[in-house]
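Biologist: Please give me a close look at one part of this model, together with whatever lies around that part. I am a first-year student, so please explain each term once as you go.

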Amino acid sequence: MRSIRKLADISLAIVCPMANEGHSAIPFVASVLSNCAGLGSKKFFAIVDRASTDDTREVFEAQAGTTPELTVVWAPENRGVVDAYQRGYRAALQTAADWILEIDAGFSHQPSDIPFLLEKMRHGYDCVFGSRFCPGGSMVESPWSRYWLSYGGTLATNLLLNTGLTDTTSGFQLFSRESLEMVLHRGIQSRGPFFQTEMKAYCGKLDVAEVPIHYHSPTHRVGWTALADALLNLSRLFRARLTGTL
C-alpha cells in the first residue's frame, strides 16, 4: 500500500537545459517556480552550454542574484542534449532533493501541468511521466509527422519492451531520488531523443504512473541520425529484455 506524502515535506530539484532562451528565460523560470507552490523547498537548475549562442547565460546569472531558487550550471563540455540533462541530474542529486523534475524550456512543456505530476507523485509512486497521448493530454503546433513519429515510437516500444505506457517519448517527467540514481547507474547509452524512452524502459519494474500534459512545439524536428540512434538502442533494449537483463 502506497503512503501519501505531504508536499511540504518534499525537496524538489528541477532540471532544465537552456539554449538560446534569453527572451523567455526569466518568465519561464518564474512560471515553473510559481507552479511548485507548497513544497518544502525547490531548486531550479538551468543547464547552459555552448549550444546557446545568445545571452541566455548572462540573463540567468544576473537573475540568480535575486532568485535564490535558481542555479546556473555552465557546462561547456557538453556535446548534446543528453549530456546537458545528465549534467543537470548530477547537479540535482548533489543536493538533498527528494524528487527530481525534468522539463523542457521555452514553454513547449507547460509549467501549469507541474502540479498534476506532483500530486500524483505524492501518492507513493517512484516515477510520474507526462503523457501527450493519455486522456486529457494534447500535442499542438507540431507537424503531423512528429505526432505520428512519437505515437508510433510509443507503440513500437510497448510491443518490444513491454513498457505499457501511453507516451514513451515525452521528456516531462518526475523521478524519486532513488529511481533516478538507479537509471544513471544503469547508464544512458542513447545519444539522441531516444534517451527519454531508454530511461522509462529502465523504470519498468518500478511503480510508475502517467498524467496528461499539454505539449506545444512548432519547430522541434527529428533527423535521420536521431532515428538511427533510436532504432539501434531499441534493438539493444529488446535483446536485453529477451535475456532478462533489462
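Modeller: The part chosen here is strand E4, followed by the sheet around it, the helices on the sheet and the cores.

This is a predicted model, in which local features need pLDDT of at least 70 and side-chain atom pairs count only at pLDDT 80 or more, while totals for chains, interfaces and linings use all residues. Residues are numbered from 1 along each chain as its sequence is written, and side-chain values use heavy atoms, with hydrogens and water left out.

Begin with the sheet. It is open and has seven strands, in the order E3-E2-E1-E4-E7-E5-E8, with mixed pairing. Strands (E, at least two residues) and helices (H or I, at least four) are DSSP runs, numbered from the N terminus, and two strands pair if DSSP finds at least two bridges between them. At the edges stand E3 (70–74) and E8 (208–212); each has a single partner strand, so one side of each lacks a neighbour in the sheet. From one strand to the next, the twist averages 20°. For angles like those below, axes are lines fitted to C-alpha atoms, for helices over the stretch in contact, and the angle runs from 0 to 180 degrees between N-to-C directions.

In the sheet order, E4 stands between E1 and E7. With E1 (residues 11–17), E4 (residues 99–102) runs parallel, and four bridges join the two strands. Ala13 stands opposite Ile100 of E4, and the bridge partner of Val15 in E4 is Glu102. With E7, E4 pairs in the antiparallel sense, again over four bridges. There, Leu101 has Leu174 of E7 as its bridge partner.

Now look at which way the residues of E4 point. Trp99 and Leu101 point one way, Ile100 and Glu102 point the other way, and all of them are buried. Buried means under 20% relative accessible area, exposed means over 50%, and partly exposed is in between (1.4 Å probe, protein chains only). In the loop between E4 and H4 is Phe107, which has a positive phi of about 65° although it is not a glycine. With a relative accessible area of 28%, Phe107 is partly exposed.

Next come the helices. H4 (residues 114–121) lies across E1, E4, E5 (127–131), E7 (173–176) and E8, and runs at about 30° to E7. H7 (residues 195–202) lies across E4, E5 and E7, at about 40° to E7. Contact, here and below, means heavy atoms within 4.5 Å.

H7 also packs against another helix. Two packed helices are described by the angle between their axes and the distance between the axes. For H3 (residues 81–93) and H7, the angle is about 45° and the axes are 11 Å apart. H3 and H7 are therefore oblique to each other; angles under 35 degrees count as roughly parallel, over 145 as roughly antiparallel, 65 to 115 as roughly perpendicular and the rest as oblique. H3 makes the contact with Val81, Val82, Tyr85 and Tyr89, and H7 makes it with Phe195, Gln196 and Met199. By class, the contact has six nonpolar residues, one polar residue and no charged residues. In this scheme Ala, Val, Leu, Ile, Met, Phe, Trp, Tyr, Cys and Pro count as nonpolar, Asp, Glu, Lys and Arg as charged, and the others, Gly among them, as polar.

Two residues of that contact appear again in the largest nonpolar core: Tyr89 and Met199 have the most contacts inside this core of 34 residues. A nonpolar core is a set of buried Ala, Val, Leu, Ile, Met, Phe, Trp, Tyr and Cys residues joined through side-chain atoms within 4.5 Å. At least two residues of the core come from each of E1, E2 (41–48), H3, E5, H6 (177–186), H7 and H8 (224–242). H3 gives the most, with seven residues. Apart from this core lies another, of 33 residues, including Ile10, Ala46, Phe60 and Ile103.

Tyr89 leads back to E4. Leaving out residues up to four places away in sequence, Tyr89 touches Val15, Glu102, Leu180, Leu184, Ile188, Phe195 and Met199. Two of these have already appeared together, since Glu102 of E4 is the bridge partner of Val15.
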